[in-house]
Amino acid sequence: MLRELVVLGTASAVPTRRRNHNGYLLRWDGEGFLFDPGEGTQRQMLHAGVSAHDITWICVTHFHGDHCLGVPGVVQRIARDRVGHQVQAAYPAAGQTYWERLRHASAFADTSVIKTRPVSGEVAHLPAGPVTLTARPLSHPVASYGYRVDEPAGRRMLPAELARRGVTGPMVGELQRNGTVTAPDGSTVHLADCSVPRPGQSAAFVMDTRLCDGVYALAEGVDLLVIESTFLSAEAALATEYGHLTAAQAGKAAAECGVRRLVLAHFSERYSADDEPRFLDEAGEAFGGEIVLARDLMRVPVPKRQS
Ligand SMILES: [Zn+2]
Ligand SMILES: [Zn+2]
């Protein structure tokens, strides 16, 4: 089971020498959610060791260029590499015109694997293999949606309880499928006797937005939150004006939502490397958990399940 974030790019509107435009691949049990492919995403994928075949979803938060100008390269690479599985594309329905331009930006030998899943309204739930992908609106000058991936709740088997009742081998699978199984002594064993509830894992991806209800709904209780922190607190007024978050606001939201691992991303080019510790400091004022300042080509695992 591979559950990790591959960071492809972390700049906001303008790339820098050290930060490519946005791009993030969340790998989750065989699914690959490519969030916000900005310019240069195809080459960043090469550097990060991920291929077009790893992508099963393209999720665009909004149609500002730093979040979508990599779509033409990625869709053409999917066609060129003959990706055979379906690739679903989620994006704000209000930006349909932009999607169509990006999808068909230049001449290439197209294939038919990309299926569109435009999102609208207050919430959209999309089945995505072993998880559910949920989209919710954010607050930005153009239509913007954040995303969240949720594994369904399951049950954790208790080996000692299974052994005590003589449930072994294929009987365990039968118990999990049917809820009961007949033990060697003829008694009926129930799933609840040999297991405990296991909450599903989750991750959220929140890009360009002010603090709003959508941020909190997306981030609630997630194991991994990837969130924009374009500005530091000194630029809080600018952040609000342009529809962005400060690192302090990102930390505050993460703390209120009980996030486990916080990944800060999407930084303004106005800040130098010397400023970077301040993002951690400001987010850490409210949030006591682990904070990762995203760097290009970094891999961030989804934290191990709390048992
Ligand atoms: Zn942006
Ligand atoms: Zn934007």
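**Exercise 1.** Decide whether Arg-82 is buried or exposed, and state the sign of its phi angle.

*Solution.* Begin with the cut-offs: buried means under 20% relative accessible area, exposed means over 50%, and partly exposed covers what lies in between, with a 1.4 Å probe and protein chains only. Arg-82 has a relative accessible area of 58%, and it therefore counts as exposed. This is a predicted model, in which local features need pLDDT of at least 70 and side-chain atom pairs count only at pLDDT 80 or more, while totals for chains, interfaces and linings use all residues. Residues are numbered from 1 along each chain as its sequence is written, chains are lettered from A and ligands numbered from 1 in the order in which they are written, and side-chain values use heavy atoms, with hydrogens and water left out.

Next, place the residue: Arg-82 belongs to the loop between H2 and E5, where helices (H or I, at least four residues) and strands (E, at least two) are DSSP runs numbered from the N terminus. Its phi is near 55°, which is positive although the residue is not glycine. Most residues other than glycine have a negative phi.

A second residue can be treated in the same steps. Leu-297, in the loop between strand E17 (290-293) and E18, has a positive phi near 75° and is likewise a residue other than glycine, and its relative accessible area of 35% makes it partly exposed.

**Exercise 2.** Work out the strand order of the open sheet and say which helix packs on it.

*Solution.* Two strands pair if DSSP finds at least two bridges between them. On this basis seven strands, in the order E6-E5-E4-E3-E2-E1-E18, make up an open sheet of mixed pairing. Strand E6 (114-119) and E18 each pair on one side only, and are the edge strands. From one strand to the next, the twist averages 20°.

At the E18 edge, three bridges join E1 to E18 in the antiparallel sense, and Val-6 has Arg-299 as its bridge partner in E18. Helix H2 (residues 71-80) packs on the sheet, with contacts (heavy atoms within 4.5 Å) to strand E3 (31-35), strand E4 (57-59), strand E5 (87-92) and E6. The direction of H2 makes about 170° with that of E4; axes are lines fitted to C-alpha atoms, for helices over the stretch in contact, and angles run from 0 to 180 degrees between N-to-C directions.

**Exercise 3.** Find which residue forms a salt bridge with Glu-4, and say how far apart the two residues are along the chain.

*Solution.* Side chains of opposite charge can pair when their charged atoms come close. The criterion here is a side-chain nitrogen of Lys or Arg within 4 Å of a carboxyl oxygen of Asp or Glu, and the structure holds 18 salt bridges. The partner of Glu-4 is Arg-299, with 3.0 Å between the closest N and O atoms. The pair links distant parts of the chain, 295 residues apart, since Glu-4 is in strand E1 (residues 3-9) and Arg-299 in strand E18 (residues 299-301). Glu-4 is buried at 12%, whereas Arg-299 is partly exposed at 36%.

For comparison, Glu-161 and Arg-165 form a salt bridge at 2.7 Å, N to O. Arg-3, Asp-29, Glu-151, Arg-198 and Arg-305 are joined into one network by salt bridges that share partners.

**Exercise 4.** Identify the donors of the two zinc ions and the residue that bridges them.

*Solution.* Donors are N, O and S atoms within 2.8 Å of the metal (3.2 Å for Na, K and Ca), and water is not among the atoms, so sites may look incomplete. For the zinc ion (ligand 1), Asp-66 (OD), His-67 (NE2), Asp-208 (OD) and His-266 (NE2) coordinate at 2.1 to 2.2 Å. For the zinc ion (ligand 2), the protein donors are His-62 (NE2), His-64 (ND1), His-140 (NE2) and Asp-208 (OD), at 2.1 to 2.3 Å. Asp-208 coordinates both ions, which are 3.7 Å apart.

Then test the geometry: four donors count as tetrahedral if all angles lie between 85 and 135 degrees; four count as square planar and six as octahedral if opposite donors are over 155 degrees apart and all others between 65 and 115; anything else is irregular. The angles are 88 to 159° for the zinc ion (ligand 1) and 89 to 166° for the zinc ion (ligand 2), and the site is irregular in each case.

Finally, check accessibility: Asp-208 is buried at 2%, as are Asp-66 at 9% and His-62 at 0%, whereas His-64 is partly exposed at 29%.
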